[in-house]
Amino acid sequence: MLDIANKTALVLAPHLDDEVFGCGGLIHRMKQSSTRVYVLFMTNGTTQHFGSGGSSSGKVRLTEIEKVAAKLKFDDYEIAFEGDQYHLQLDQLAQRDLVHSIERGSRVSIEAIKPDIVLTPLPNDYNQDHRATFEAAMTALRPASPDYRHLCSTVLGYELPYQQWNISATDSVPSCLVQLSEENINAKVDALELYDSQLKSTTSPLSVHGVRTLAAFRGLQCGAAFAEAYVPLRLIV
């Protein structure tokens with residue numbers, strides 16, 4: 001069984017909202033279990049989208065994350081690459097810069113907080129920022145002697161609501177299921193609703209209805225009302 005009590009966790013989120021869509025329920029469970037939760041957002045900027053209003057500014061999203069961080073009680077968070085010149089263009093940055101931000105280049109980096117648990121997006125995502133974040137995370141989390149650098153014992157890839165639409169011929173199998181209580185899913189939904197600029201209509205996976213439906217489906221797979229799904233990337237027992 002995965003031990004999430006009294007640990008330190010680092011969530012790697014390409015954008016402001018991925019942390020809640022992907023692992024908001026687990027974040028709430030970890031905080032209930034006295035685990036410190038830090039979030040490293042890779043980038044933030046103005047986005048053109050097909051939702052209400054047609055776009056959302058980086059400034060609006062900064063206001064939203066302040067509310068979300070307070071709601072889910074993040075211990076700290078930081079944005080590594082702020083600005084439109086980076087947003088949705090992480091694949092154009094040198095991987096060395098992305099790796100450095102995760103490894104030791106921020107106040108919530110691996111070497112700064114020495115996490116027991118790291119949560120990262122998966123590699124088969126259609127979004128280029130998500131893929132770039134995953135690749136950088138794999139380098140930053142590479143095996144090494146703990147005498148010289150921190151070795152995180154648990155690395156999980158989190159599922160996003162649209163994960164079934166991917167760029168890989170074979171999908172990663174989300175074989176780690178985290179059961180969520182009604183309180184956990186409600187906390188996740190409450191946090192999502194604070195990302196008002198990012199939510200879509202009820203027919204979209206990126207909606208409260210979509211998130212609840214996916215959580216209920218994952219719950220059916222593990223005998224619970226709700227669950228979140230993860231891909232185990234490293235588990236050291």
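Which residue of β2 does Leu12 stand opposite? Leu12 faces Leu40. Keep in mind that this is a predicted model, where local features need pLDDT of at least 70, side-chain atom pairs count only at pLDDT 80 or more, and totals for chains, interfaces and linings use all residues. Numbering starts from 1 along each chain as its sequence is written, and side-chain values use heavy atoms, leaving out hydrogens and water.

**The sheet**
- Seven strands (DSSP E runs of at least two residues, numbered from the N terminus, as are helices, H or I runs of at least four) form an open sheet in the order β5-β2-β1-β6-β7-β9-β8, with mixed pairing.
- β5 and β8 are the edges, each pairing on one side only; to pair, two strands need at least two DSSP bridges between them.
- Neighbouring strands here are turned by 25 degrees against each other on average, direction ignored.
- β1 and β2 run parallel, paired over six bridges.

**Helix α3**
- Within α3 (residues 95-103), Leu98, Val99, Ser101, Ile102 and Glu103 are buried, as in under 20% relative accessible area, with exposed over 50% and partly exposed in between (1.4 Å probe, protein chains only).
- Those buried residues pack (heavy atoms within 4.5 Å) against β1 (8-13), β2 (36-44), β5 (76-82), α4 (110-113) and α5 (128-140).

**Around Trp165**
- Look for Trp165 in the loop between β7 (154-158) and β8 (176-180).
- Trp165 counts as exposed because its relative accessibility is 64%.

Technical notes: Axes fitted to C-alpha atoms, helices over the stretch in contact; angles between N-to-C directions.
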